[in-house]
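Here is a friendly note on the enclosed space in this model, set out as numbered points. Please have the coordinates open as you read.

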Amino acid sequence: MAATTHNQTVVYLSERVVVLSSCFMSFVGSSLIILTYVTLADLRTTPRKLLLFLSVSDWLSAASYAFGVARRFESDSWDCVVQGAISTFSNTSSFFWTMAIAVYLYVFIVRSSQRTADGLVLFFHLVSWGVPLTITVAAVCLNKIGYTASEVSVGWCWIKIHAADRVLWMLLTGKIWEFLAYLTLPVLYILIKRHIHTAHAALSEYRPLVANRTTSYSFSSMADMKLTLIPVIFIVLRIWSTIRFVLLLVGSPARLNPVLVTLHGIGNTLQGAANCVMFVLFTAPVRTRLLSSLCCCRDASFGTQQTQDGKREREDDVTDVTHTDR
């Protein structure tokens, strides 16, 4: 449960345990995505490379949030500022990389231009690392990052709660990009899904009935499910932080609701775990390769099957999305 003491939201042990568990799962999930990219060379496609950079951001977020929750800050100490700066940078960077993946898939699939999509990668780096770094450095230099009294966090440090221009800096260091992602992600993924479904309808009368039609349909269904889940999961995880921010602006004590505080803590820290479930555990070639690596059971027949599977599946590697256009 949560309560207020001298304008401070007290986060109790039960809430801290839940949030720390969420941080741990996200840390492991992000590490697993990074590990699969490093160890499985044949799966190093451009979309999965973008997912790698997103996972690095989520890894930093999970680690910094976990430190903040465990540390239980009570003032603007130096480690509070460091933790707040790292989480601000990584969290904002995560927003940008999430949108970058959506933009890449849109250009690649809807605009049918792999060359243009690949050409955007350098721009994605400049924006997704550069903008968060610039904002974070400015916030630190202007002494804006520090103790939040958990009024807009769940134990970690962010923008100082008593700063006169705190709302402006909260927007710059996260909220405005969060709002932008709420609008951008659903639109892009809806356009991608519409393009795929339109292409399917146009080709269906010419597509012969072949033996592997059921398998093809299953891959297409998985791609379609992921395209739906990506923006939905993002919004479901992040909306609780937004709700508490709005409640703070209107001065509502509802922001202290223990369920809302816990959901805020989980939502801000679970993105890495959610990405791992979608792009590792729910991606057949990656899952199979990972299990094979762990069991040390690689053989030639598996390698042949993996090559065939890799050509069919790429929603997160773009294959299982573009498969539906063929």
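1. Four helices come first, as the ones to display: α3 (78–110), α6 (166–204), α7 (213–249) and α8 (258–269) each contribute at least two residues to the lining of the largest cavity. Please keep in mind that the model is predicted.

2. That largest cavity has a volume of about 130 Å³. In total, the structure contains four cavities of 30 Å³ or more.

3. If you would like to centre your view, 17 residues line the largest cavity, and Tyr65, Asn91, Trp158, Lys175 and Asn268 are those nearest its centre.

4. As for the chemistry of this wall, the lining of the largest cavity comprises six nonpolar, eight polar and three charged residues.

5. The second largest cavity has a volume of about 100 Å³. Its lining consists of Leu51, Leu54, Thr98, Ile101, Tyr189, Ile230, Phe234, Gln271, Asn275, Met278 and Phe279. Two or more of these residues come from each of α2 (46–71), α3, α7 and α9 (271–281).

6. Which helix gives the most to the lining of the second largest cavity? That is α9, with four residues.

7. The class make-up of the second site is worth a look beside point 4: the lining of the second largest cavity has eight nonpolar and three polar residues, and no charged ones. By contrast, three charged residues are found in the lining of the largest cavity.

Notes. Residues numbered from 1 in each chain as written. Predicted model: local features only at pLDDT ≥ 70, side-chain atom pairs only at ≥ 80, totals over all residues. Heavy atoms only, no water. 1 Å grid on protein atoms, 1.4 Å probe; cavity = no way out; pocket = protein on both sides within 12 Å on 5 of 7 lines; lining within 4 Å. Points joined across faces, edges and corners; volume = space filled by probe spheres on them. Nonpolar A, V, L, I, M, F, W, Y, C, P; charged D, E, K, R; others polar.
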